[in-house]
Amino acid sequence: MATVTASTPALGSVRLNHLAALDVKGADAEKFLQGQTSAQVSLADGHFAPLTCFCTPKGRMLANAQLMRLGEEHYRLLLSNTLLDSLANHLKKFAAFYRAELTTQRDLVFIGASDEAPALAEQLGLELPDRVGTHTNNDQVCVIRYPGETPRWLLCFDNDSKVDLASLQDNQAGRNAWQLEDIRSGLAWLTDTQQDYFLPQMLNWEALGGISFKKGCYTGQEVVARAHFRGQVKKRLMRISLEADSLPAAGASVVNSDDKAVGEVVVSAFNHQGGVELLAVMSTKVAEETMQLYLDGVPATLLTLPYTIERVDPEQLAVSLNG
C-alpha cells in the first residue's frame with residue numbers, strides 16, 4: 001500500500017493535476033472521432049458532454065474520457081494526464097486521413113469546485129450547468145457538472161484566466177476529497193497502468209451511458225457489442241471499503257477467504273471515517289454470492305453503487321438532459 005496521510009477535508013475547490021485535455025479540430029473532426037470512439041459524437045452538441053472511450057481492435061480500453069463540443073469544428077476530450085500522449089499518438093495514425101488536427105493542451109488549468117463554484121463562475125462570466133453531464137463554456141473557460149453526493153463542477157480554463165489561483169487548494173488532501181466523490185459516484189478514470197486491459201463494461205461504462213450501441217462501427221466495436229449482447233462480461237466495477245491508514249496501489253488484488261484473487265483495485269481514496277473506499281474490477285460472483293473479501297489481509301466490505309448495472313443509451317440520456 002502507498003503511504004499517504006489520511007486527510008479528507010470537505011470538498012471546496014482544488015487544482016486537479018491528474019487531468020488533461022486533447023483537442024480535436026477541423027472540418028472532419030466529427031467524422032474522424034465517430035470512427036474511433038464509443039460515443040455517438042453528434043450528441044456532443046455544446047450542452048451534453050457524453051462519456052466515451054477508445055479501444056483496441058480487441059475491445060480493450062486505451063482511455064476513457066468526457067467529450068465536449070466547444071465550437072463548430074472543435075471538440076475536447078478530458079482524460080487522465082498519464083494517457084494524454086499515448087492516446088494522441090494512437091489517434092494521429094488515423095487522423096492523417098482526415099481534415100482533423102489533434103492538439104495536446106498542456107497549459108490548461110483544471111479546478112474542481114463545490115460551494116465555491118458559483119463565485120468562480122461569476123468571475124468568469126459563465127452560468128453553471130445544473131444537470132450532471134452537461135457543460136457551458138465561453139472564450140475563457142468550460143464548466144462541466146459532475147456526479148456526486150455533493151454538487152460539484154469541473155472548470156477547465158487557460159492559465160492566464162482572471163481567476164486568482166493562489167486562493168485555491170493545491171494539495172493531495174483536496175484531490176483526495178474529489179477522488180472520493182468519483183468513487184462514490186462509481187466513476188473510474190483509467191491511468192497508464194490500466195491501459196489495454198479492461199473491456200469498457202468492466203468499468204460499468206454502458207451503465208454510465210458511455211457506450212452507444214446504436215452508432216456505426218468504431219475501433220473495437222464488434223468485440224464490445226458481442227460482449228454486451230451475449231452476456232459475456234464476467235467482471236464488473238464494484239465499490240469497497242476497509243479500515244486502513246494507507247491507500248492500496250492500483251492493481252492490488254482483492255481476495256476471498258480462500259486467498260483466491262477475485263478482483264483488482266482501480267482507484268482508492270480516504271473517507272471521512274479514517275478508512276479507505278475504492279473501486280475495483282471484481283468477478284460478478286462476488287455480488288451473486290455471500291463472500292468475505294480481503295485486501296492485504298484486511299477485511300473489506302462490499303458497498304452499493306448509485307446506479308444499477310443496466311444499459312443506459314446515451315441517445316436517450318441526451319434527450320432527457322435536453323428536455
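The lining of the second largest pocket in this predicted model breaks down into 15 nonpolar, 5 polar and 2 charged residues. That makes 22 lining residues, and the ones nearest the pocket centre are Leu51, Val132, Pro147, Leu208 and Leu317. Strand E9 (141-146) and helix H7 (314-322) each chip in with at least two residues of this lining.

Now for the largest pocket. Nearest its centre sit Gln179, Thr191, Val266, Val267 and Ser268. Two elements give two or more residues to its lining: helix H4 (172-184) and strand E13 (261-270). H4 provides the largest share, with 6 residues.

Here are the two pockets side by side:

| Pocket | Volume | Lining residues | Nonpolar / polar / charged |
|---|---|---|---|
| Largest pocket | about 580 Å³ | 27 residues | 14 nonpolar / 11 polar / 2 charged |
| Second largest pocket | about 460 Å³ | 22 residues | 15 nonpolar / 5 polar / 2 charged |

On to the sheet. Five strands line up as E3-E4-E5-E2-E6, making an open sheet with antiparallel pairing. Strand E3 (51-55) and strand E6 (101-105) are the edge strands, and each has just a single partner strand, so one side of each goes without a neighbour in the sheet. From one strand to the next, the twist averages 30°.

What does E6 pair with? Its partner is strand E2 (residues 19-25), in the antiparallel sense and over 5 bridges. Within that pairing, leucine 22 has threonine 104 in E6 as its bridge partner.

Then there's helix H2 (residues 84-95), which lies across E2, E3, strand E4 (61-71), strand E5 (74-80) and E6. H2 runs at about 170° to E6.

Notes. Residues numbered from 1 in each chain as written. Predicted model: local features only at pLDDT ≥ 70, side-chain atom pairs only at ≥ 80, totals over all residues. Heavy atoms only, no water. 1 Å grid on protein atoms, 1.4 Å probe; cavity = no way out; pocket = protein on both sides within 12 Å on 5 of 7 lines; lining within 4 Å. Points joined across faces, edges and corners; volume = space filled by probe spheres on them. Helix = DSSP H or I, 4+ residues; strand = E, 2+ residues; numbered from the N terminus. Nonpolar A, V, L, I, M, F, W, Y, C, P; charged D, E, K, R; others polar. Pairing = 2+ DSSP bridges. Axes fitted to C-alpha atoms, helices over the stretch in contact; angles between N-to-C directions. Contact = heavy atoms within 4.5 Å.
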